[in-house]
Amino acid sequence: MRPVSTHAETAQGGLRSEPAGLPRHVAIIMDGNGRWAQARGFARVRGHEHGVESVRAITRHAARLGLEQLTLFAFSTENWRRPETEVDRLMELLTHYLVEERDELMENDIRLTAIGRIEELPEDVQRTLAETEALTADNSGMTLCLALNYGARGELADAARTLALDAAAGRIDVAAMSSEEIERELDARTYQPDMPPLDLLVRTAGEQRLSNFLLWQMSYGEFHVADVTWPEFREAALEAALADYGSRKRSFGGLLSS
Ligand code: IPE
Ligand code: IPE
Ligand code: MG
């Protein structure tokens, strides 16, 4: 892969002509578990089980490469539409993962956080998640953020509701409201205030859509589509995505000086 010497300066206005370098924040739509399994004659859930291995490998590798944040789309607000047996197995795998990974997260100094409507998840998932978040809260290496029961439109609707209530109570000046207030509200609701902006979104299994993921945050993010399914997406595939990102020139609507 390309040399990844310094963190890219991605703030609006940070125009420069050199390549983007190493992204600070990468998000992944982990797709294709079912197809991976079905192509091998297995039940779909085997794909989810195998996908956990990729989560482990990619998290460890991303931390070692120096990413500040990795955000993984693990369950969408639309995924409840799947058969109950599949949803139940996904929740089981999640709970298991959140316990099993504790040593690995501690050893690699990774802080675990989550976004999404966590309060609608089964209680055992919520409890295990809270415990793992608390255990890893003081780790200062990479942040691993799991998007669980996450949907971007819902996230924006929740933020709009809070802002409307604040406006009705006179706590904010509607006339002066700008994208910063919305951004602050999204950060306060679901992310840490020091969250780096999203630089790169990777989607596996060749699909080219957002599927209601990080609509706001992706406004200037770069997109990389990997043809392999999530269970096949390992270290080399991550490095290929980072190298692709590293060659991009980001101008944020401005012009790059040559
Ligand atoms: C991604 O794989 C995992 C989740 C959405 C939870 P899929 O289960 O969507 O796999 P495909 O897209 O059906 O192959
Ligand atoms: C997106 O994948 C959700 C997750 C990866 C958790 P889906 O497989 O659910 O998305 P669609 O249905 O193909 O758009
Ligand atoms: Mg899918």
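**View 1. Leu129 and its surroundings in helix H5.** Leu129 has its place in helix H5, in a model that is predicted. With a relative accessible area of 1%, Leu129 counts as buried, and, when residues up to four places away in sequence are not counted, Leu129 touches Leu98, Leu112, Ala114, Ile118 and Leu148. Glu239 is a distant point of reference for this view, since Leu129 and Glu239 are separated by 110 residues in sequence and, from C-alpha to C-alpha, by 29 Å in space.

**View 2. Thr128 and the backbone of helix H5.** Thr128 is also placed in helix H5 and is buried, its relative accessible area being 8%. A polar atom of the Thr128 side chain lies 2.6 Å from the backbone oxygen of Asp124. Apart from neighbours within four places in sequence, the residues in contact with Thr128 are Thr95, Leu98, Val99 and Arg102; Leu98 is thus found in the surroundings of Thr128 and in those of Leu129.

**View 3. Asn139 in the loop that follows helix H5.** Asn139 belongs to the loop between helix H5 (123–136) and strand S4 (143–150), and with a relative accessible area of 12% this loop residue is buried. The side chain of Asn139 reaches the backbone oxygen of Ile110, at a distance of 2.8 Å. Ile110 is also one of the contacts of Asn139 beyond four places in sequence, which comprise Leu105, Met106, Asp109, Ile110 and Arg111.

**View 4. The stacked pair of Phe73 and Phe213.** A search of the whole structure finds 7 aromatic pairs. In the pair formed by Phe73 and Phe213, the rings are stacked, with 4.1 Å from centre to centre and 5 degrees between the planes. Phe73 lies in strand S2 (residues 69–76), whereas Phe213 lies in the loop between strand S5 (200–203) and strand S6 (222–225), so the pair ties together parts that are 140 residues apart in sequence. Both partners are buried: Phe73 has a relative accessible area of 7%, and Phe213 has a relative accessibility of 0%. Together with Tyr150, Phe73 and Phe213 form one aromatic cluster.

**View 5. A charged side chain over the ring of Phe42.** In this view the charged end of Arg46 sits over the ring of Phe42, at 3.9 Å from the ring centre.

**View 6. The surroundings of ligand 1.** The residues that surround ligand 1 are Met30, Asp31, Gly32, Asn33, Gly34, Arg35, Arg44, His48, Ala74, Asn79, Arg82 and Leu90. An oxygen atom of ligand 1 is found 2.9 Å from a polar side-chain atom of Asp31, while a polar backbone atom of Gly34 lies 2.9 Å from an oxygen atom of this ligand. Arg82 contributes a polar side-chain atom that lies 2.7 Å from an oxygen atom of ligand 1. Of the 370 Å² of accessible area that ligand 1 has on its own, the protein covers 86%.

**View 7. The surroundings of ligand 2.** Ligand 2 is surrounded by Ile29, Met30, Asp31, Phe73, Ala74, Phe75, Ser76, Asn79, Arg82, Arg203, Arg209 and Ser211, a list that includes Phe73 of the stacked pair. An N or O atom in the side chain of Asn79 is 2.9 Å from an oxygen atom of ligand 2, and a polar side-chain atom of Arg82 lies 3.3 Å from an oxygen atom of the ligand. For Arg203, the distance between an N or O atom of the side chain and an oxygen atom of ligand 2 is 3.4 Å. Taken alone, ligand 2 exposes 390 Å², and the protein buries 76% of that area. Arg82 therefore appears in the surroundings of ligand 1 as well as in those of ligand 2.**View 8. Two non-glycine residues with positive phi.** Asn212 is not a glycine, yet has a positive phi of about 65 degrees. Asn212 is found in the loop between S5 and S6 and counts as buried, at 16% relative accessibility. Phe252, likewise a residue other than glycine, has a positive phi near 50 degrees. This residue is found in the segment after helix H8 (235–246), and Phe252 is buried, with a relative accessible area of 13%.

Technical notes
Residues numbered from 1 in each chain as written. Chains lettered and ligands numbered in written order. Predicted model: local features only at pLDDT ≥ 70, side-chain atom pairs only at ≥ 80, totals over all residues. Heavy atoms only, no water. Phe/Tyr/Trp six-rings, centres within 6.5 Å; stacked < 30°, edge-to-face > 60°. Helix = DSSP H or I, 4+ residues; strand = E, 2+ residues; numbered from the N terminus. Buried < 20%, exposed > 50% of the residue type's maximum accessible area, 1.4 Å probe, protein only. Lys NZ or Arg CZ within 6 Å of the ring centre and 35° of its normal. Near = heavy atom within 4 Å. Polar contact = N/O pair within 3.5 Å; in protein donor to acceptor, adjacent residues only side chain to side chain. Areas by Shrake-Rupley, 256 points an atom, 1.4 Å probe, with all protein chains shown as cover. Contact = heavy atoms within 4.5 Å.
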